[in-house]
Structures are given as C-alpha cells and as structure tokens.
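Welcome! Take a moment to turn the structure around on your screen before reading on. We will walk through it together, one part at a time.

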Amino acid sequence: MNFLRSVLVFATIFAFIGISNTATADKLDDVIKAGVLNCGVVLDFPPMGYFDKDNQPAGLDADYCRDLAKQLGVKVKIFNLTWGDRIPSLISGKTDVVIGSTSDTLERAKSVGFTYPYFVFKFQVISKKGSGIKVFDDLKKFKVGAPLGTTYETEYLAYAKKMGWGRSNYTAFKSENDGYLALYQGKIDALISTNANIATKLATKEFKDFEAGPFVPDYDDIVGIIAKRNELAWIQYLNLFLIHQIRDGRFAELYQKHFNAPVPPEMIQSLRDNK
Amino acid sequence: MGDYEFHWLIVYQALPQMLNGAFVTLHVAVFSMLLGIAFGVLLALGKMSKYRMPNIIATAWVEIARNTPALFQIYMAYFGLGAFGIHLSPYMAVLCALTFVNSGYLTETFRGGFQAIPRTQYVASWSLGMKKVQSYRYIILPQMFRRVYYPMTNQFIWSILMSSLGILVGMGELSGETQRLQSLSFRTLEFFIVAAIMYYVITKLVLFSADIMSRRLFKGEI
C-alpha cells in the first residue's frame, strides 16, 4: 500500500541518523584555537539576560560570557536563545557553552553536562494588587500561566497535579515576555516566574499595579552552566571559572550591578558549598 | 552529530502525551479547514459578485489573509484582540486565525474553480426552472469542488502544519507538548524526530481519508 510504504521510507531515513560515531577534539582546545567563544544566553530573562537600550546583550549571564572569554583570552560571540533552543544549540555545535539559568535536574543531566551551580532562584507568583492571592494554594481558584518548558512550569504543574487542580486553568506561553503580556492584558490572573525576574518587572511603570505573591513551596531553583556532556575537560574548566568568579569577588560585583542590592550571604555560602 | 547518543525509551514513555497533542493538532486543522471551506465559498461568490460591498469585503479579506504571515495572525487573534479586551482562549485564537488564512487562500482557489465551469451550465440550469440557490447546490458547486479537489487537499496539509504555530499562544498541540516534554529531559532531538514522524503520519492519514471520501462524493471522476 502506498501510504504504508511512504511512512516506512521516512522511518528508515531517521533510523540511519542513529548510526555513526566519531571522536572529537577537546572543546577547550577548540575554543582557544578558534579564538572565539560562542556563548548562548537567554536574552528574554532580565536581569540575567536581556537587550539593553543600545540593543546589546546585557545581564548577569551575558557578563559571565564576557568574563569567561576574557579568561580564555578569546573574543566572545553571544547568541540569543529561547529556553527550548539551549540544548539544540549545544548539540549542533552552534554554541560552545550555554549560560542560561538552566536548572540542574538529574533528568536533564542524563542529556547534557552541568557545571557547579552559579545562581539560586526562588519561584514566585506575580499578580495584580488586590487579586486575593495570599498563599500558593489560593491559585486553585485563578487562571495561572507560566513560560513553556521552564522548571517553574514543571514545578507548578507537579504541585497542581498533586493537589488535584487539573489543567483547565493553566496556559503555557512560548516566552517569558508573552507570559507577562498575557498577565498585563488580564488573560491570566497570575504568572509563575522567578523572584529575580519579577523584581525587575515590578520596577517598570507598566507593572506598578502588580505585586509579588507567594513562593512555590519547598523549592529552590539552582542553576548551572551547561555544555556537551562528554566535554569533561571543558566542564572542569568552567567549574574552576565559577569558583574564581566567587573567590575574586566578581560575582558579588555583578550581583550588585544587576540586582541593585548586595548579594545575600546565604547565596554565596550555598554556591561555595556547591549545593 | 557524531558524538550524540540517542535515548529512545524516554520518548516511548511520553507517547500518550504526544498523541494527545497530535489529537489537538488534528482537531484544530480539521475544524479550521471545514470553516475555511464554508467562508471560502462565500468569499469567492463575493469576489465575483457585481455588488460593491461583498466585493470589497472579500477582496480585503483575501489580501490580508494571503499577504501576512499566519504566525502574525495567530498573535493578533490572541494578544491583538486581548488589547481591546476581547479574550479568546488559545484554542479559539488559533482556530480563528487558521480559518481566516484558510478561507483567504481557498477563495482564490474556488474562484478559479467557479470560472472554469462553462457558462452554459448556469444557463442550462436556469432554463430547467432552477432558482439561483438550487443551481449552485445541484449543478455548480459539485462540479467546482471536483475541479479544486487537489488544491484543497494542499491547503489542508498547510493547515495541519500551520497549527504548530499554536505553540506561540500555549495551545498544547503536538509542537507545544513536544517542546514541554523535551525541556524535562533535554532529549530534544529524539522528541523532535518523533514529532516530525507524527506530523507526517497525520498528513498522510488525512490525505488517505480525503481520497476515500472524494471517491464516494465524486464517484471516482476527479
């Protein structure tokens, strides 16, 4: 039958992709030899990554890219990624490293190599003032949204499932900005995001009628830098880079610059302990 | 992709969720196509009409639908209308946008179909005492659909593939579900390959059933 035959041909083509295996040179050597560090950042996630008023990549993650390139003695090329682009960009070799606030779950670590943690977020709710969302369990009665494919989406959905809330009140958005736009327009009552991002948004005049609400219970979002899983020497180097950022006070300096507040001592301590 | 190791088990475990997404894709594509055909016929008649108003409406519709990206139209249906306080659900927004674009393209296809029918057919039906509606219902439309059958299936495939843009507004169709699932495990390549195969199978299935249906409707003489 024609239909079955064409499906079979299609499946065979993809089966071949699985075969073939060649050794690769060391990524650390590659970057130094190429003289360019291709660094992926999610520039839709202030203050970690965003475009400044001159349309240049800015934020803590972008500054980490520049610091890393400086230590390596190479030029930096920053790629703007969506959350979903992070892994494909590494696998296709478009980026050498992704400094993109990536939560270090054990499930993901089966696919991609993580460094030590370099930042800790809390997941939080943002909603209109007077919406009546006091504790996290209040969300049951509200329309909730979150950006698609983020750890906070996963955490919210897991919690909602545990509490038996169902999916009908939930909407996923392709990007962080679309989520905020939907909240602003009143399509959703509450958005799940990170405390850092919410604080940045609340400082803008568009969100002056909004407030930061309860935290997602029992969860610290601990994020690492990611690279290809098999590039052990490269990941080792990135780990040492992170240690130096804290030891040399550069992390505290950048935190102050991007968050307008001194870095909490517990965050420094937990990063030192690699927790 | 020399050093990439494929893990397929995790995709296998997530198949029920992906199939759910595939169902939403099929659902929105079929409905937007049926609505698109209905609007397309009306607009084609409007475009050929000697009256001004239907003509202007149909021309504006076709011009906008065909010359702007579907992505933009979905965005407008969801966030654009939202700015005016009209809140469509993600599903409704995608359905409206796809219906809009489908009918825009089909209008031109149908117009070509109508014009390919010899004038004598119209005249003959009137001479039999048929009213205008009757002559369209029994004589003109069946012949028109027969002529535009293949371009119409083309549009159907487009509407299936375009529904993947529903990911933009969180519709939870095949692309959206795939994106969510891959972000849990970062097994992007595996999930995307399986999603691509699913899209392929869906379009093949749709073409297959359209073929069977056309044999029934047109008695095998397309």
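Let us begin with a pair of strands in chain A: strand 6 (residues 113-128) and strand 10 (residues 210-227) run antiparallel and are joined by 11 bridges. Keep in mind that what you see is a predicted model. You can pick out individual partners along this pair. Phe121(A) has Asp221(A) of strand 10 of chain A as its bridge partner, while Lys128(A) is matched with Phe210(A) in strand 10 of chain A.

Strand 10 of chain A also pairs with strand 5 of chain A; these two run antiparallel and are linked by three bridges. Here, Val98(A) stands opposite Ile226(A) of strand 10 of chain A. The table gathers the bridge partners named so far.

| Residue | Bridge partner in strand 10 of chain A |
|---|---|
| Phe121(A) | Asp221(A) |
| Lys128(A) | Phe210(A) |
| Val98(A) | Ile226(A) |

What holds such neighbours together? Strands of a sheet pair through backbone hydrogen bonds, in either a parallel or an antiparallel way.

Now zoom out to the whole sheet. In chain A, eight strands form an open sheet with mixed pairing, in the order 4-1-5-10-6-9-7-8. Which strands lie at the edges? They are strand 4 (75-80) and strand 8 of chain A, each of which pairs on one side only. On average, neighbouring strands of this sheet are turned by 25° against each other, ignoring direction. A helix crosses this sheet as well: helix 9 (residues 232-247) of chain A lies across strand 5 (97-103), strand 6 and strand 10 of chain A, and runs at about 60° to strand 6 of chain A.

How confident is the prediction for chain A? Its mean pLDDT is 89, and 91% of its residues reach 70 or more. Among the elements of chain A, helix 3 (residues 60-72) has the highest mean pLDDT, 97, and helix 1 has the lowest, 64. Residues 18-23 of chain A have a pLDDT below 50, and this stretch makes five contacts in the model beyond near neighbours in sequence.

Chain B is built in another way. How many helices and strands does chain B have? There are 10 helices and zero strands. The C-alpha atoms of chain B fill a box of roughly 70 × 45 × 30 Å along the principal axes.

Look at two of these helices in chain B, helix 9 (residues 174-185) and helix 10 (residues 188-218): their axes come within 9 Å and cross at roughly 160°. Because of that angle, helix 9 of chain B is roughly antiparallel to helix 10 of chain B. The crossing of helix 9 of chain B past helix 10 of chain B is right-handed. Helix 9 of chain B contributes residues including Leu174(B) and Leu181(B) to the contact, and helix 10 of chain B contributes residues including Phe191(B) and Phe192(B). Sorted by type, the residues of this contact are seven nonpolar, four polar and no charged.

Finally, see where the two chains meet. Here, 32 residues of chain A are in contact with 30 residues of chain B. On the chain A side, the elements that give two or more residues are helix 1 (2-17), helix 4 (86-91), helix 5 (106-109), strand 8 (170-173) and helix 7 (176-185). Helix 1 of chain A gives the most, with six residues. The residues on this side of chain A comprise 14 nonpolar, 13 polar and five charged. As you explore this meeting place, remember that helix 1 has the lowest mean pLDDT among the elements of chain A.

Methods: Residues numbered from 1 in each chain as written. Chains lettered and ligands numbered in written order. Predicted model: local features only at pLDDT ≥ 70, side-chain atom pairs only at ≥ 80, totals over all residues. Contact = placed C-beta atoms within 7 Å. Helix = DSSP H or I, 4+ residues; strand = E, 2+ residues; numbered from the N terminus. Nonpolar A, V, L, I, M, F, W, Y, C, P; charged D, E, K, R; others polar. pLDDT = per-residue confidence, 0-100. Axes fitted to C-alpha atoms, helices over the stretch in contact; angles between N-to-C directions. Parallel < 35°, antiparallel > 145°, perpendicular 65-115°, else oblique. Left-handed = near helix turned anticlockwise from the far one by under 90°. Pairing = 2+ DSSP bridges.
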